Structures are given as C-alpha cells and as structure tokens.
Amino acid sequence: MMHRSSVSSLVAHLLRLLILQISVHYINGDRCDHREVGVQTSVLRGTPEPRSLHRFSSRSSSFKIALFADLHYGEDAWTAWGPLQDVGSTRVMDNVLDFESPDFVVYLGDLITANNLAIANASLYWDQAISPTRSRGIPWASVFGNHDDAPFGWPIQWFSSTGIPPLQCPPATNSSSQREECNFEGTQRLELMESEIKNKLSYSRIGPTNLRPSISNYVLQVTSSDDDPRQPIAFLYFLDSGGGSYPEVISSAQAAWFEKVARKLNPDLRIPEIIFWHIPSKAFKKAAPVSGVQKPCVGSINIERVAPQEAEMGIMKILTSRPSVKGVFVGHNHGLDWCCPYEKLWLCFARHTGYGGYGDWPRGARILEIMHNPFSIKSWVRMEDGQKHSELILSDINN
C-alpha cells in the first residue's frame, strides 16, 4: 500500500507536469525524437536541434534533478542478505523523492550488480531500481556503470555440497530455443536499454552505433516556455564511461561526438552544459582533497581514493576548454560525496544511494537545481533520514 505522503507527492507532481508541459528531445546521429509527457508524442526528423526537456513557466523558476547512484540491485540475490539490501535501496529513493519532489531523476550507473545476478534477464532487477521514480510519474534518464552488464562471477561456494541454485528463467513457452538461451550470461547493455526505453517516462537513449560498445550517449535540453521555446536554458549530456563488458573509458570517438554536437548546439558557449557519467575521469584524482573535505571543495565524506577510468582519451581536455561546462557528475566511489573545482568547472561525486555495493556510510542522493531569472545551478546532498548538507552554487566558479 502506498504511504499517504507518497500519494500526495504523486498527485502534486502530476499536476506540476500538466502545468509545466514537460517535453523532451534527444539527439542521436541525425535524428531527433520529441516526447511531451502527458500531452502528446511526436517524432521530428531531419533536424539537429533538440527542444525542451522541461519548460520553465511563470509558475516555476526552477528545474530540480535527483541523482541516484550505485543502487546495485540483485546483489547476492540467492541469499537472505541480498534482497534486504534492495528493500533498503528502495526506501532511500522513496524518502529522497518524498522530501525533494524532483522534476527529473538521473540514474548514474550501477543500477544492478550483474556479476552477482543468477538470472538470464537482468532487466527484471533494473525495473525494480527505477520503480520508485516510475510509480510517482517522474521522468528519468540513465547511464551505464561498470557493474550493469559485468560478466557473471561464479561463487566458489556453489561448488560445495550446497550445489548450484536453480536458474531463474522467464516463464516457459513453446519455444525450446528460449529455454536453451536461459543461462548465467546476464543481459548486455543494449538489451537493458531497449527494455528501459519502452517506458514512456524514460528519456534514456541508445546512442550512435559508431560509439559502441558504449550505449548511453545522448543529450537533453532544458528550455523556457515564457521565452522563446527554442532557446535552451541548459544542456544535459550523458556519456557511457564503460566497464563491465569492456574497458572503463570514455573513448576518443565519444569525445569527438560530444565536441561535434556541443559545437553545433552551443557554438557561442552561452548555454550552460552539465555532464553525467559513472566512473570518474583521472581529473577527479587530481582535484581530490588530501584528507577530509577542505575548501574550496564542498562535501561530507572523503574516505577512499578516487578509482578513475583506465585511460584519458581526450574528453576532459574538451570539457575544460568550454567555459559553458559547469560540472561533471559521477558515481562509482561509494565513500566520496565531494564537489571540487577543476580549472573552470566543478567535478562532483553523487552520494551512494543503494544498500547494495561496498561501504556502510549513510545513504542519500545528490540534488541539482537549475534556476532561471536569474540563472544559477545549485547542488546539495539529501540523506535518507531527510538531512540536507553540502550545498553549493556551481555557477559561481565561472563568475
């Protein structure tokens, strides 16, 4: 049964969606898809210009985004411990969504722990991860982490007297080939994304094929309905930082794609750009505070070393050359939640949201709020128990 506060939050949010006329456009190669949530769905072809993810109006001057990172659903699913962690992760998201009532949610990678999933269809656990957001009618987007399609790791204890547990397969059909395909190989990135985007509230995209094996490469934009609706307020870029089935890296092809699209959409660098991926780049290691979290960094925990991507293939050079880039947001390191300045942008960790994965630090989520008239980007961390901390204004660094 849904809690009364959850019902109130859902009703309020649905009314907000109708008033604000949320809409979204994606860029994927030479095709741009447009959806209006709760209003209409249409497809625009032959135009490189995205339109709006959200329209500011006179009734609302902000656009709030909740970042959920490292949920790790399905971890040790064959034990009593594993499913309890998933219950805890759902509780964290429920609490954050009720406290913040965001307009949008970004799933920042490692929604599931595929290397622990003794199941052929990992999208079942992926669906659990997005259910708190979906049940409230809140739109979302996701990027892949290093665990989402990691190869299944055979537990050594399975080869003792307890034996290998039965495989969880889809319901039996008349197709013998389906039964043969039910194995411990897991679900690949493409399959996971194809399954997710069937939901009308998902604004994730399957990126250009020339960037594969990376999949989650796309861009959304925020616009204002009170001004020219074609005039963006901010661009949101999503990049697949690898891991799992291939190396942990943002490739040079992805960097070139970003540079090409960004130059086309934002040639004069006037529109702020916000970047999301999962595994921190090597720049995060350079920017990291030595111990604790000292100014100019802002945060509450700095308990482990940055675990960066395997190589730097050019994306950071491009980002630091664009004063329009305000911040890069990542997950991956559960014991870090700081934001630190790096040249003229902010490098920020989200807060470990899920009870799956390593570490016993309190759970929470990073929040972003884009303000319009006057423009600013704020961020803070909202904890599972409702506490709020580590607030900063990202747009200050370039002023």
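Rings of Phe, Tyr and Trp, the last taken by its six-membered ring, are counted as a pair if their centres lie within 6.5 Å. In this predicted model, W78, F152, W154, W158 and F159 form one aromatic cluster. The total number of aromatic pairs is 18.

One of these pairs joins F104 and Y203, whose ring centres are 6.2 Å apart and whose planes differ by 10 degrees, an arrangement that counts as stacked. F104 belongs to strand β6 (residues 104-107), whereas Y203 is in the loop between α5 (189-196) and β8 (218-224), so the pair ties together parts that are 99 residues apart in sequence. F104 has a relative accessible area of 0% and is buried; Y203 is likewise buried, with a relative accessible area of 0%. A tilted pair is formed by F235 and Y237, with 6.5 Å between the ring centres and 50 degrees between the planes. F235 and Y237 are both buried.

Aromatic rings also lie beneath charged groups. The charged end of R363 is placed over the ring of Y355, at 4.6 Å from the ring centre. In the case of W380, the charged end of K388 sits over the ring, 4.2 Å from its centre.

Strand β13 (residues 345-349) is largely enclosed by the rest of the structure, because five of its five residues are buried. The burial extends to both faces of β13: L345, L347 and F349 are buried on one side, and W346 and C348 on the other. Strand β13 has pairing partners in β11 and β12. With β11 (residues 325-330) the pairing is parallel and comprises four bridges; within it, F329 has C348 of β13 as its bridge partner. With β12 (residues 339-342) the strands run antiparallel, and four bridges join them. In this pairing P341 is opposite W346, and C339 is opposite C348. C348 is thus a partner of F329 and also of C339. The hairpin of β12 and β13 has two residues between the strands, and E343 adopts a positive phi near 55 degrees there.

The largest nonpolar core contains 34 residues, of which W277 and L319 touch the most other members. Two or more residues of this core are supplied by each of β9 (232-238), α6 (252-265), α7 (282-287), α8 (315-320), β11, β12 and β13. Helix α6 gives the largest share, six residues. Leaving aside residues up to four places away in sequence, L319 touches F258, I275, W277, V325, V328 and L345. Another core, of 33 residues, lies apart from the largest one and includes F68, L71, Y125 and W380. W380 is therefore a member of this second core as well as the ring over which the charged end of K388 sits.

Confidence varies along the chain. The average pLDDT is 84, and 78% of the residues score at least 70. Over residues 1-7 the pLDDT stays under 50, and the model has five contacts for this segment beyond four places in sequence. A second stretch, residues 10-49, also has pLDDT below 50, with 105 contacts in the model beyond near neighbours in sequence.

Notes. Residues numbered from 1 in each chain as written. Predicted model: local features only at pLDDT ≥ 70, side-chain atom pairs only at ≥ 80, totals over all residues. Heavy atoms only, no water. pLDDT = per-residue confidence, 0-100. Contact = heavy atoms within 4.5 Å. Phe/Tyr/Trp six-rings, centres within 6.5 Å; stacked < 30°, edge-to-face > 60°. Buried < 20%, exposed > 50% of the residue type's maximum accessible area, 1.4 Å probe, protein only. Lys NZ or Arg CZ within 6 Å of the ring centre and 35° of its normal. Pairing = 2+ DSSP bridges. Core = buried A, V, L, I, M, F, W, Y, C linked by side-chain atoms within 4.5 Å.
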